[in-house]
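Q: How should one read a ligand site and the domains around it? I would like to go through one case step by step.

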Amino acid sequence: MHLSVIGSGYVGTTIAACFADLGHHVVNVDIDQDIVGSINDGTAPIHEDGLQNLIEKHAGETGTGRLRATTNYDAILDTEVTFLCLPTPQNDDGSIDLSIMEAGASQLGATLAGKDDWHTVVVKSTVIPGSTEDAITPILEAESGKSAGEAFGVGMNPEFLREGSAVQDFRNPDKVVLGADDDRALADMADVFNPLVANADAPVIETNTRTAEMIKYANNGFLAAKVSLINDIGNICKEFDIDAYEVADAIGLDDRISEQFLRSGIGWGGSCFPKDTAAIRAAARQQDYEPLMLDAATEVNDRQPDRLLSLMDDHVDVHDERVAVLGLAFKPGTDDIRNSRAIPVIKGLQKRGADIVAYDPVATENMRERFPDVSYASSPATALDGSTAALVVTDWPEITALDDEFDSMATPVVIDGRRAIDRRDGIVYEGLTW
Ligand code: UGA
């Protein structure tokens, strides 16, 4: 099939490359000339495992020609289905800001005014229930001068891709959710995913757009709350001198709980859990419902970095002292620092007047933009050298491998937010929940 993907962020670029790999012909539309140029040169514009291979394979001079990028919306006219993968940032009150999606829908609608054949538009971005039906569809109708369900169809297909393993997750989905408010759009979406579903043997859930939208928030809300629940329990474990990981291993054996997402520590970050829980909480409040569980999940999460810092305070006063922050990305495998727990940790250290030396294998430049006054080390060993304390924020392999490097610290106080460090002898070691 001929597909267009509007937006070349983490999701748009990944699905465009993965769709091309499934055999579709894909054009990725973005306003950023640099990103478009990079894809057309066969170079991945973001750090995502496996993406470079796919882009090299399908775009660029030596590629299959099944993937290209452009800044021109007219490229959509030669495609049958368009996926809208634009950002959905947060307003100050945590609620979703749909303006970029609305602007994209408006441009897409105006483009579709020039198309005679049927076209299906699929919302891929995470949007509050009702957004596709009540906001995006009316814009497409107004701008195209056509009616949804007659000249074009609209669907909603949430993504469940984790940053760092997005290509892998695309190829091995635990489910494919297809939401549509008309049968023809649903059939088009099913055609797009057929090659994947046949390969991966994934269950397909066919539903309406509102339910598809809610499934995404329910999925992320549940997982965020699960991590916060194990963090809550982990904090209690710590108070009683119990290892939360031993407890998690045992309860994870219960099928009703499952062993995944039971790693307690400094909490969740990234662009998804924080933003999505905030958006659905704000949307619930707009409906006069108090989302107590999701509120609590957020509060537990917000407190974990403070707990890490206060464990450090129990051992050393870091005013004017060198402190190593190990790991800046919100999790290993990505250069994304959005809502990384490293941010409140750095702020807390700045408040204490510490001399911060941070290390991350790939996220340093992103963090430097945010905190230009912090020093950035080229290796964890350099960061540790002469430090009074080390705070472990991200469990990158080069951080979990640390051992003798702690010997060069001025005082070897190691506070671990991710159960990353094995060394115990000869250092003062504190785990956040163990
Ligand atoms: C998450 C979901 O897992 C994806 O299914 C979803 O598609 C994506 O959001 C999205 O909405 O786009 P992602 O944010 O990339 O994916 O990362 P996760 O691997 O889910 O981790 C989220 C955070 O939870 C990380 O900060 C991680 O360190 C933390 N976490 C996760 C824990 O603290 N403990 C755990 O046991 C698991």
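The dialogue below treats the domains first and then the ligand.

Q: Into which domains is the chain divided?
A: In this predicted model, the chain is divided into domain 1, residues 2–207, and domain 2, residues 242–434. The C-alpha centres of domain 1 and domain 2 lie 33 Å apart. Their contact takes 15 residues from domain 1 and 18 residues from domain 2.

Q: How is the size of an interface often given?
A: The accessible area lost when the parts come together is often used for the size of an interface. Here about 1300 Å² is buried between domain 1 and domain 2. Carbon and sulfur atoms give 53% of that area.

Q: Which residues come nearest to the ligand?
A: A residue belongs to this group if one of its heavy atoms lies within 4 Å of the ligand. There are 20 residues around the ligand, and E159, E163, K216, N220 and C272 come nearest. By class, the shell holds nine nonpolar, three polar and eight charged residues.

Q: Which atoms of E163, K216 and R418 lie opposite oxygen atoms of the ligand?
A: For E163, a backbone N or O atom lies 2.7 Å from a ligand oxygen atom. For K216, a polar side-chain atom lies 2.8 Å from an oxygen atom of the ligand. For R418, an N or O atom in the side chain is 3.2 Å from a ligand oxygen atom.

Q: How much of the ligand's accessible area does the protein cover?
A: On its own the ligand has 710 Å² of accessible area, and the protein covers 91% of it.

Q: Which elements give two or more residues to the shell around the ligand?
A: These are α8 (209–239) and α10 (273–286). The largest share, three residues, comes from α8. In terms of domains, the shell draws at least three residues from each of domain 1 and domain 2.

Key
Residues are numbered from 1 along each chain as its sequence is written. This is a predicted model: local features need pLDDT of at least 70, side-chain atom pairs count only at pLDDT 80 or more; totals for chains, interfaces and linings use all residues. Side-chain values use heavy atoms; hydrogens and water are left out. A polar contact is a pair of N or O atoms within 3.5 Å; within protein, one must be able to donate a hydrogen and the other to accept it, and residues adjacent in sequence count only if both atoms are side-chain atoms. Accessible areas come from the Shrake-Rupley method with a 1.4 Å probe; for residues, only the protein chains shown count as cover. Helices (H or I, at least four residues) and strands (E, at least two) are DSSP runs, numbered from the N terminus. Ala, Val, Leu, Ile, Met, Phe, Trp, Tyr, Cys and Pro count as nonpolar, Asp, Glu, Lys and Arg as charged, and the others, Gly among them, as polar. Domain bounds come from an automatic or database domain assignment. Contact means heavy atoms within 4.5 Å. Buried area is the accessible area (1.4 Å probe) that two parts lose on being put together, summed over both.
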